Amino acid sequence: MPGTAAREEYERDLLVQLTRRWGRRVAVKKDELDLDGHFDADLPDFPEHLVPVLSLPGAEKLDRDARRRILSAAWIAYNAKTAAIEDEIILPACRLMLQERIPVRRDDVAVDALHQTIIDEHYHILMCHNAVGVTRRRRDMADVRFAPDVWSVVQGRAAARAGLSGFDRDVVDIAFSLAAETTISGFLSTLSTAHDIQPMNRITTDMHRRDESGHAVVFRELCGSLYRNLDSGQQRMFREALISGLTAFRSADLEPWVAVAAQGGFEVGVDQLREQAAARPVPKRDTGPLQLLLDDLGIDHDLVRT
Ligand SMILES: [Fe+2]
Ligand SMILES: [Fe+2]
């Protein structure tokens, strides 16, 4: 029998608390949402203010139907990006942290938390896929598809790991996924709090966002244990990858918006979008989760520009 002190420490362990409640807490354990039942054909599929092409010159001439098609395509794009983040960045890092060669906390509770996270993330991909399936069918948009590597964040990770191999690349992949897990709640909140849009879209995004608050804790705990086990050179590499991840998550997507605009018969160029993004103030970040994370890792806040 463990002693009282060990028992108390176990009870205080955030991963113990999270993994215990998983079965009652997460989307994959709930009844599936009746997507068609929450679809109202009269409502727009996406908020106009989150679609940069709609503030480019010429957009004011688009009729209602063209604008609606652009909003529907923007919703499809949003889900394609979410699924790409899960599939390309987060899931591979979760699997890496289950490998013996990665010096991360790996007691039974930590392994539980990782498997639960993998199931959640995979389910999020399915949720995106199913929701977009309804949109494609109801809006007659079967052909609107996006490759996983068109997103600036996926390209940013490819750049951060270019030329690396073995353990160094593993460290970069995990640090980059930590940036993703610190940022994704904010990305999902923009839609889960949007009013006057398709209820199906808001609800399904909100279900996803709720799961992510648990993941933020899992990633902070596991990445914290990894970081503390690295030597100083590896720690520097981890910090740099974390910073490039945070930057990549804030950088604008370009090509996907050209494709979205085309759905409304609106021709825009990548250069126009690049100029527009450069002229805009950098979107404000919810720095709370990031500050917590840096404190956990013992990283000086000045090293990561927020
Ligand atoms: Fe997710
Ligand atoms: Fe997540």
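**Close-up 1. Donor spacing around the iron ion (ligand 1).** Along the chain, the donors of the iron ion (ligand 1) follow the spacing E-x34-E-x2-H-x83-H-x3-E. Keep in mind as you look around that this is a predicted model. The residues to find here are E86 (OE), E121 (OE), H124 (ND1), H208 (NE2) and E212 (OE), which coordinate the iron ion (ligand 1) at 1.9 to 2.3 Å. H124 sits in helix α4 (residues 108–138) and H208 in helix α7 (residues 199–228), so this pair ties together parts that are 84 residues apart in sequence. Are H124 and H208 buried or exposed? Both are buried.

**Close-up 2. Two iron ions and E121.** Here the iron ion (ligand 1) and the iron ion (ligand 2) lie 3.6 Å apart. Look for E121, which coordinates both.

**Close-up 3. Aromatic pairs and a cluster.** The model has five aromatic pairs. In one of them, the ring centres of F146 and W151 are 5.6 Å apart with planes at 45 degrees, so the pair is tilted. F146 and W151 are each buried. Turn next to F46, W75, Y78 and F187, which form one aromatic cluster.

**Close-up 4. Helix α3 beside helix α5.** The axes of helix α3 (residues 64–96) and helix α5 (residues 152–161) come within 9 Å and cross at roughly 20 degrees. With angles under 35 degrees counting as roughly parallel, α3 is therefore roughly parallel to α5. Which residues make the contact? From α3 come K81, A84, I85, E88 and I89, and from α5 come V153, V154 and R157. These contact residues divide into five nonpolar, no polar and three charged.

How values were computed:
Residues numbered from 1 in each chain as written. Chains lettered and ligands numbered in written order. Predicted model: local features only at pLDDT ≥ 70, side-chain atom pairs only at ≥ 80, totals over all residues. Heavy atoms only, no water. Donors = N, O, S within 2.8 Å, 3.2 Å for Na, K, Ca; no water. Helix = DSSP H or I, 4+ residues; strand = E, 2+ residues; numbered from the N terminus. Buried < 20%, exposed > 50% of the residue type's maximum accessible area, 1.4 Å probe, protein only. Phe/Tyr/Trp six-rings, centres within 6.5 Å; stacked < 30°, edge-to-face > 60°. Axes fitted to C-alpha atoms, helices over the stretch in contact; angles between N-to-C directions. Parallel < 35°, antiparallel > 145°, perpendicular 65-115°, else oblique. Contact = heavy atoms within 4.5 Å. Nonpolar A, V, L, I, M, F, W, Y, C, P; charged D, E, K, R; others polar.
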